[in-house]
Each structure stands twice: as C-alpha cells, then as structure tokens.
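Got the viewer open? Keep the cartoon and the sequence panel side by side, and we'll walk through the model one selection at a time.

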Amino acid sequence: MKGLLIKDLNLLKGQKLFFIVIIVIAVALLAGQSEPGFVIGYMTFVGGIFTLSTISYDEFDNGNAFLFSLPITRKGYVGEKYIFGIALGGALCLLALAITLVFGCVNGSFSAKETGLTGVMIFATLLFMISMMIPFQLKFGGEKGRIAMLIAVGVVILVGYLAEKIAGVFHVDMAAVFDEFSDLSMGVFIAAVYLLALVVCLISMKISVSIMEKKEF
C-alpha cells in the first residue's frame, strides 16, 4: 500500500498548478464575501474527485495489467484509494478552514465556531461522497461511472420524495420528527453522523473489493 500511496502522491505533485489555482479561486471567493461553507466544501470535494482521477490514470492504456503484476493485492489497492481520498480531502478541508478563519479574523464576518462545525459536517459529507463514487468508478470506469452515479443520486432523491409523500398519506409529521433530532446535543448528532459515515464507508469498501476481485486485466 505504501508504494501505491507514493504513486498517487507523485500524481498529485504533477498537478500542483491545478491545486494552486483551486486555492487562488477559494481566496477570491472569500474576498468576494462568499459563504465559508461553500468555499470549504469546494476545496474538500476537489480532493475526493481527484481520487477518481487517480483510478482513471491507473486504467489508462491498460495500466492495471502492469500494476497488478507487482506485489500488491486488489484489496490493498481499494484500501489505498479510500485512504488517499479521505487524507487528501481532509487536508484540503483543513487548509480551507485555515484560510476561512484567517479571513474571519481579519474582517470579523465569520463565526469561528460555526465555521468549524461547517468543516466537521463537510468532512463527514466527503466520507459519504467517496463511499458512493469509488465503487461506481471501479465498476463502470470514467464516463459510465459518472452517468451511473448521477442515476444513483436521482434514485436517492426520488426515494426521499416518495418517502415524504408516503409520510403525508399516513399523516406522519416529518417536521416533528426533525424537531426530535434537533433536541439532541450537537456532539451526539455529529457522533451519530460519523458513525453512520464509517459504516457506509466500510460497506462501500467491501463492495469495491468485490468489484476489483471480479475484474480481469
């Protein structure tokens, strides 16, 4: 796994100009009084998306056939992608938080506590995003993977819409349900979200390992 991480870090090093541009855009957005949550999410999710690019690089010109002739396992390959994506997204999230807090201290427009909580929740969202993206990318490849992921997101939205309609039919007050959740302390809520994200991530990894073990190169 160490060798795979070094490989992806070298790919990252080759894209340093791209990441410099991302940081410049983030600073410009903050200077233009954009919401800090948008800027933090923007930088964090770039890290997750870049992980998909490393998978595409590996698949390019049948590169996986060579890659798996080396002493690495498919399970190790999958694990490295999750670790790399979470680490890169987390690093960019911390950088975005630091930049945002500096702007907040200078002009006093952002609450440090609210900005920190925003970063914590965005990082949890990154875990869910990576858990969804990597299996689709491994299964369907670049273009097909993006189409399949959009379909999956559409299905999730549709299920949410139908659940709301069904709740209305059975006279379930969804607002009251959400009020119950809002009564929980923020710490309990964040812990519950991260626990769910961890479970989803582990399930996603098992699915990804299964996909890789069935692939032929």
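Start with the whole chain in cartoon: the protein has nine helices and zero strands, with helices (H or I, at least four residues) and strands (E, at least two) taken as DSSP runs and numbered from the N terminus. Reading from the N terminus, the order is α-α-α-α-α-α-α-α-α. This is a predicted model, where local features need pLDDT of at least 70 and side-chain atom pairs count only at pLDDT 80 or more, while totals for chains, interfaces and linings use all residues. Residues are numbered from 1 along each chain as its sequence is written, and side-chain values use heavy atoms, with hydrogens and water left out.

Colour by burial next. Of the 217 residues, 35% are buried; buried means under 20% relative accessible area, exposed over 50% and partly exposed in between, with a 1.4 Å probe and protein chains only. Then turn on contacts, meaning heavy atoms within 4.5 Å. Among contacts with a separation of 6 or more, 81% join residues 24 or more positions apart.

**Stop one: α9**

Select residues 186–214, helix α9. At 1.5 Å a residue, its 29 residues should span 42 Å, and the end C-alpha atoms are indeed 42 Å apart; the expected span is 1.5 Å times one less than the number of residues. Show side chains for the buried positions: I190, V193, A197, C201, S204, S208, V209, I211 and M212. What do these buried residues of α9 pack against? They pack against α5 and α6 (112–140).

**Stop two: α5 against α9**

Add residues 74–107, helix α5, which packs on α9 at an angle of about 140° with the axes 9 Å apart. That makes α5 oblique to α9. Axes here are lines fitted to C-alpha atoms, for helices over the stretch in contact, and angles run from 0 to 180 degrees between N-to-C directions. Under 35 degrees counts as roughly parallel, over 145 as roughly antiparallel, 65 to 115 as roughly perpendicular and the rest as oblique. The crossing of α5 past α9 is right-handed; right-handed means the near helix is turned clockwise from the far one by less than a right angle, left-handed anticlockwise.

To see the contact, pick R74, K75, Y77, V78, G79, Y82 and I86 on α5, plus C201, S204, M205, S208, V209, M212 and E213 on α9. By class, that set has eight nonpolar, three polar and three charged residues. Nonpolar covers Ala, Val, Leu, Ile, Met, Phe, Trp, Tyr, Cys and Pro, charged covers Asp, Glu, Lys and Arg, and the others, Gly among them, are polar.

**Stop three: α6 against α9**

Swap α5 for α6. This pair packs at about 15°, axes 9 Å apart, so α6 and α9 are roughly parallel. α6 passes α9 in a left-handed crossing. The contact has 22 nonpolar, three polar and one charged residues.

Now zoom in on S131 in α6. S131 is buried, at 6% relative accessible area. Beyond four places in sequence, S131 touches Y82, V200, C201 and S204.

**Stop four: α3**

Finish at residues 36–59, helix α3, and select G47. Is G47 buried or exposed? G47 is buried, with a relative accessible area of 0%. Not counting residues up to four places away, G47 touches G85, L88, G89 and L92. Measure G47 to G90 between C-alpha atoms: 7.9 Å, for a pair 43 residues apart along the chain.

V46 is also in α3, and is buried at 12%. Leaving aside neighbours within four places, V46 contacts F18, F19, I22 and L92.
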